[in-house]
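Thank you all for coming; I would like to take a few minutes to walk through one structure. Please have a look at it on the screen before I begin.

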Amino acid sequence: MGRPGLNRRQLLAAAGGLTVAGSFGFAALGTGADALASGADARVRYWNLFSGGDGYNMIAMLDAFRQANPGIDVKDSTLQWGNPFYTKLAMAAAGNRAPDLGVMHLGRVTGFSPGRLLDPWDVELLAKYGVREADFNPDLWKRAVIDGKLYALPLDIHVQLCFYRKDVLTQAGLLDTDGTMAAVTSADDWFDVLKQAKQATKDGLQTIGFWHNDQNFQWWFFVAFYTQLGGTWFNDANTDVTFDTDKATQVLEFLRRHVADGYANPNFGGGAGAEQFINGSPFVWEGNWSVPVFDGAEVEYGATPLPPVFGRQATHAESHAFVLPHQSGRGGATNEAAHQLAAYIVQNARVWAAGGHIPAHTPTLSTPGYQQLNPQSEYVTAMDHQATEPKVWFAGSTGILAQRVGPIVVSATTGSAKPEAVARRMKGALTQLLAMPNPMDGRTAAQGGAVA
């Protein structure tokens, strides 16, 4: 997902996780004096939040673009993942010192005051460079449209997955003849699977790791299973909360049972799940960005979307997307080059898929190169049943919604509060958030006009 880390472009200071000398912002904001220092026809200043493996994959794609387009000088800068990135991006756009191209989580776009802090994409210019609406999942494209204009160009979706050890599941008799995990169609089925897998699990290992005490993961899992039940959040006008506490209670009881029945060990921290999985634990629920980690550990494993325990397939999904931070003088060769760069990366996301992400550009999914990727090709169907947060200003990765509601979900999962009471608290938090004005523009969700 582009979490903070070290890469060749930018080092984070050890103390406090701040960028070196705090002056990286000056380097990234720049004055444009070195715009054509390389002799190129145009320069694109590009901000992203990709580090670690994602960072290296992005650099590889940028280097390929530079080689194919020597007339465009790309100056890429990697900022700290999470809210520090969004704060700096907002300040740059508000002060008319924004980069030419940026990356955001799609769920955060609605809250970023499109039209004031973000500029819309020129869809005809994108089409000139080979990117068209028809090449994207309709639901994904619709999320990027606000007030009839395209404000984000999706690069991928990243999803929560059920990773499974093939060796353990073989011993437990839980693999189909094709070597993939047997289908699960109900909560009872799922807990039967866990019961059988536990019997084949080595002593000292938990049956499943699922970040039981992490507010982000527990929120993401809740979103997935609540969507499976057909749960809703707000009415179309964003004036009333439609959150169903009965359905929420079902989900909370389901999550709690993993700990209460002894399949997830409450004494292990959330991050221990991946380590235990590498050591022989049969299951872990993790984001698709763990694919390179498990590949590197040479584990024989598979990965599927979260099990459809409530009868409907839905797994939590977010998306990295390209955006155009607001510039008062946007246009000309630089703006066209930004469109060209984003279109190139979206169409050449096979390298990006190596990090576990599902490319948003659907023609890529049918290429032999992508279909030969495992386990990516096993969970690619998640593109067609994405469970996403509501399209409101306070949603999205590291957004206020997860910060407010995630800890409440954790209290039910870990057993410190009863699911019924937690469901009511969640509804109360949603009611408060719906009435809260967006600090970006002072408007509530109902006043924001985020209409697709």
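Let me start with a question: which residue forms a salt bridge with Lys128? In this model, which is a predicted one, the partner is Glu336, and the closest N and O atoms of the two residues are 2.6 Å apart. The pair links distant parts of the chain, since Glu336 sits in helix 12 (residues 332-347) and Lys128 in helix 4 (residues 123-128), 208 residues apart. As for their surroundings, Glu336 counts as partly exposed at 23% relative accessibility, whereas Lys128, with a relative accessible area of 55%, is exposed.

That pair is one of eight salt bridges that the structure holds. Another joins Asp76 to Arg66, with the closest N and O atoms 2.7 Å apart. Because Asp76 lies in strand 2 (residues 72-78) and Arg66 in helix 2 (residues 52-68), this salt bridge ties together parts that are ten residues apart in sequence. Asp76 is buried, with a relative accessible area of 10%, while Arg66 is partly exposed, at 22%.

A further salt bridge is formed by Arg443 and Asp441, whose closest N and O atoms are 3.2 Å apart; Arg443 counts as partly exposed at 34% relative accessibility, and so does Asp441 at 27%. Salt bridges with shared partners also join Asp63, Arg66 and Asp76 into one network.

Let me turn now to helix 3. Its twelve residues, 83-94, should span 16 Å at 1.5 Å a residue, and the C-alpha atoms at its ends are indeed 16 Å apart, so the expected and computed values agree. Which residues of this helix are buried? They are Phe85, Tyr86, Leu89, Ala90, Ala92 and Ala93, and because they cover an arc of only 165° around the axis, they lie on the same side of helix 3. On the other side of the helix, Met91 and Ala94 are exposed. Helix 3 is followed by Asn96, which has a positive phi, near 60°.

Finally, the cavities. A search of the whole structure finds three of 30 Å³ or more, and the second largest has a volume of about 40 Å³. Its lining includes Ile208, Phe210, Trp211 and His212, together with Ala264, Phe268 and Gly273. Taken as a whole, the lining of this second largest cavity divides into five nonpolar and six polar residues, with no charged ones.

Technical notes. Residues are numbered from 1 along each chain as its sequence is written. This is a predicted model: local features need pLDDT of at least 70, side-chain atom pairs count only at pLDDT 80 or more; totals for chains, interfaces and linings use all residues. Side-chain values use heavy atoms; hydrogens and water are left out. On a 1 Å grid over the protein atoms alone, a cavity is a set of points where a 1.4 Å probe fits but cannot get out, and a pocket is an open set with protein on both sides within 12 Å along at least five of seven lines; lining residues have an atom within 4 Å of a point. Grid points are joined across faces, edges and corners, and a volume is the space filled by probe spheres set on the points. Ala, Val, Leu, Ile, Met, Phe, Trp, Tyr, Cys and Pro count as nonpolar, Asp, Glu, Lys and Arg as charged, and the others, Gly among them, as polar. Helices (H or I, at least four residues) and strands (E, at least two) are DSSP runs, numbered from the N terminus. The expected span of a helix is 1.5 Å times one less than its number of residues. Buried means under 20% relative accessible area, exposed over 50%, partly exposed in between (1.4 Å probe, protein chains only). The arc is that of the directions from the helix axis to the C-beta atoms. A salt bridge is a side-chain nitrogen of Lys or Arg within 4 Å of a carboxyl oxygen of Asp or Glu.
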